[in-house]
Amino acid sequence: MAMTSLAKTYNPQEFETDLYQQWEEGGWFRADAQSDKPGFTISMPPPNATGQLHVGHAVMLALEDILIRWQRMRGYEALWVPGTDHAAIATENVVLQKIQREEGIADPRKELGRDEVLRRIADYVLSSRDTIKNQVRAMGSSCDWSRDRYTMDPQLNRCVNETFSQMHTEGLIYRGHRIVNWDPKLQTNVSDDEVDRKEVASPFYTFQYGPFQIGTVRPETKFGDKYVVMHPDDDRYLEFSHGDTFECEWINGPVEATIIKDSVVDPSFGTGVMTITPWHDHTDFDIAERHQLDKEQIIDFQGRLLANAGEFAEMPIEEARPKIVEKLAAKGLLVKTDGDYVNSKAFNSRGGGSIEPQIREQWFIDVNKPVVPWKGKKRSLREILIAVVREGDIQIVPDRFNNTYFHWVENLRDWCISRQIWWGHRVPVWYRGKGDSAEIQIGVVPDGEDWSQDEDTLDTWFSSALWTWSTLVDPEKAADSTNSFQELLKQSPDYQKFHPTHVMETGYDILFFWVARMILMTTYMVEEIPFQTVYLHGLVRTKEGKKMSKSDPATCIDPLESIRDYGTDALRLALIVGTGPGQDLRLYPEKLESCRRFANKLWNAGRYILMNLPENTPVTPPLQVDGDTSRWLLHQIRHIVSDTQRLLEQYRLSDAIDQLRSFFWNEYCDWYLEIDKNPQRTVIDNQVLAYSFTTLLRLLHPFVPFVTETLWKEFRQPRLLIGSDWPTVIQHHEYSKSHSSIEYIKEAITTIRALRERARLGMDKQIPAILQSIQYTDLLNEHKDLILRLARLNSLDIQSKEPDVSNHDAVLSSYFSDTLALIDAGDVDWSEEILSLQKKLKKEEEFCKKSQQKLNNQGFLAKAPESVVLELREKLESSEKMMTALEQQLQELESMRKAS
């Protein structure tokens, strides 16, 4: 009696929701901090609490779930910590816009006040967090939901405040006037890494400034210019000395200017001379700091000119710019205008507003102060960031990103951590009194009255930089303020068991935003690395290589729609196959369909096996196997287990699944299951079939968990597949001789099939064949029945003779491995085959001719959309390739006709 009977087609929607619920409710995702098993931890990069699942999240979830399921099956206490990020700027912006749109309140912060705005944001986040968590579940993510964390949780907030206090005490956090990236649109500053630079066309003006000519795209910043900077070694300006002064006419009258010599100036750019605006440019600010120069604000925080701009005061920048140029031109100071100039302009990646550099009093982290103990030395945060990667404590995969990482760290400036928004962790500093005599309390709410807390919040990355360890702190212990920070860590079982984490898997685009900051904050605060390996995935692109963008909906693929249409397993596969670490990947419907077909192929193989296996067939590895075909398969299973393990250990996840898919589809289904269709199957044959298939299910489970778990259940094993053991290499299944023998038999069958194809003899017709060999006669005779069956022959003449490679009348032949294969093609009507190919060739030639005429027509090229022209070129290229192939086939058939 067969083990079971399955439906003909795999329908993922029938199984996925119930299976996930069974896994979660069965506790298979939960990790035990008291377990004797070695720990393995991944901290999920927390999606925005107000976000929707997008393809970037889907890639991350698929890759991390593969690693977690694999390590769980290997016997590790595998913890995957899920969570969401409060995403300060983005979330506040979304909610404020919602209030403006739905309630008509122009300035919600002004009209509603801080407490009410924060309440509304918190309510909005509470509802949307459930949405993103359910979407994460839809990906099959086996994360430990009992440890779900949120960056605004009380215990995480305590870690934020503890970190701020300790860094402030040691002089790493300071408050000072520095230039920041100010966004007038969102009314906050952002970090350097949150600035997007875009190429824009802007007129480049050259003005006469005393004896010099200066160039700029921003004349609106030039009201306060009173320093002229040049390179000390510029031969053109040797007559001028550092500190020289001169008077010149400028926008609002005469100014006294001072010569500054500084090597930062590029003599090859423009005239090699520039005036500086220290308040509104990072480079100019650095020059002013080096030479202790005055700094004057010209533009306010709303993006309007201040009173020192004279008649242009209170004008927005874009309105004032042409009028300022007009005034300078009237004074004869405009030398020339380059209207085709393209420059790099800064925008806020969080809100899209243009950046206006401003000097503001902000909170900063000093990255250069050598006060951090690390491996017996006092080092700066920057030095530790370099050391942990260079000395091998942390491995970046792929390692080509090491140079990118080092370049960023070596150019790292002090990190501005304060933001002028309300949503987020508020700066834990309280003030009482004013001026130099004011009292300051850091870290915890002070006792007494008249204290006011700092209005700013901390950069979102400040709290998420603590993610790997703050999520493992015991919430109850954290609520007890009598526990010191060190006691808190010691009393947190999760932290003790699961930190440092093992893998941080994320996109290469946030290597600096987040990965580097986690290293910086964790090595400082808990004096250990946050993770051992950083695995970086690439961006998701369209089939044509375009970046998927919300601004271009046609390029986007919604992972939830893909799950609905193709199944979760298909989506997971499509996000992994053919893409190594750090490489951008392409996702498109045809790829999803191909991966859906693989899941169905797996289902159909299982269906065949389960229909043919007797009940209670063991799935354990057989100890004694005699037949060549069984040994051939077991030999390959042994090596596929070994190779999969090796590739996963090397983080070559795509290579692992590519190899598994290829083996399953080609070797297992196309060969072994065809070989297995034999009524003489033995008990051992049944065990080989059951063992091999269930081993493949275990190997494939981390990649396609739903279809594998569904099939596994049909084998009635004591544990679910998610909790089963990872396959081990069976050493005595090394059958090299049998493997070589069957590979030779496969080659014989393949060769005969190829001859049939050349002769246009379909597999529905049985034909005779001859095999001539001296070396392999016995082997061929041993497997003669197999060759007859799989090559669809009605007779096979195995001749023990030296292969005769001379021409044979009416015979097709092919030489391989000291063997000659021959089939009788005397009944083939070569003329009819040739005529058919000639018709196909003529059709392709006509298409190519017409297409080429179109592409040579300038009128067509001028009027047709670019996409139409591109499609025609691709079709022409494909048709030309088809013509080449048809011409080659015709030559072969002509030769065959002559031979016959």
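Begin by selecting strands β6, β5, β16 and β20 of this predicted model. In that order the four strands form an open sheet, and the pairing is antiparallel. The edges are occupied by β6 (188-190) and β20 (415-416), each of which pairs on one side only. Next, restrict the selection to β5 (residues 173-183) and β16 (residues 356-365), which pair in the antiparallel sense over 10 bridges. To place the register of the two strands, display G176, which stands opposite Q362 in β16.

Turn next to a parallel pairing. Select β1 (residues 39-43) together with β2, a pair of strands joined in the parallel sense over five bridges. Within this pair, I42 stands opposite W80 in β2. Adding helix α2 (residues 55-74) to the selection completes a right-handed β-α-β unit, made of β1, α2 and β2.

Keep β2 (residues 77-81) on display and colour the strand by accessibility. Five of its five residues are buried, so β2 is largely enclosed by the rest of the structure. Showing the side chains separates two directions: E77, L79 and V81 point one way, A78 and W80 point the other way, and all are buried.

Helix α3 (residues 88-103) is the next stop. The helix has 16 residues and reaches 22 Å from its first C-alpha to its last, close to the 22 Å expected at 1.5 Å a residue. Select A88, I89, T91, E92, N93, V95, L96 and I99, which are buried in α3. In an α-helix there are 3.6 residues a turn, so residues three or four places apart point the same way. To see what the buried residues of α3 pack against, add α4 (108-112), α5 (114-138), β6, β21 (418-419) and α11 (460-464). β6 is also an edge strand of the open sheet at the start of the tour. After α3 comes G104, whose phi is positive, near 70 degrees.

Now centre the view on K345, in strand β15 (residues 342-348). K345 is partly exposed, with a relative accessible area of 29%. Leaving aside residues up to four places away in sequence, K345 touches D196, R197, K198, V200, E318 and S354. For a distance label, pick the C-alpha atoms of K345 and Q213: these residues are 132 residues apart along the chain, and the atoms are separated by 23 Å.

The remaining stops concern backbone geometry. Most residues other than glycine have a negative phi, and most peptide bonds are trans.

Select Q292, in the loop between α7 (282-291) and α8 (317-330). Although Q292 is not a glycine, its phi is positive, at about 55 degrees. Is Q292 buried or exposed? Q292 is exposed, with a relative accessible area of 74%.

Move then to Y651, in the loop between α20 (628-649) and α21 (653-676). This residue, other than glycine, has a positive phi near 60 degrees. Y651 is buried, with a relative accessible area of 13%.

Finish with the cis peptide bonds. Select V397 and P398, which are joined by a cis peptide bond with omega of about 0 degrees. P398 is found in the loop between β19 (395-397) and α10 (401-410). Then select H499 and P500, where a cis peptide bond again has omega of about 0 degrees. The loop holding P500 runs between α15 (493-498) and β26 (501-507).

How values were computed:
Residues are numbered from 1 along each chain as its sequence is written. This is a predicted model: local features need pLDDT of at least 70, side-chain atom pairs count only at pLDDT 80 or more; totals for chains, interfaces and linings use all residues. Side-chain values use heavy atoms; hydrogens and water are left out. Buried means under 20% relative accessible area, exposed over 50%, partly exposed in between (1.4 Å probe, protein chains only). Two strands pair if DSSP finds at least two bridges between them. Contact means heavy atoms within 4.5 Å. The expected span of a helix is 1.5 Å times one less than its number of residues. A crossover is right-handed if, with the strands pointing away from the viewer, the path from the first strand over the helix to the second runs clockwise.
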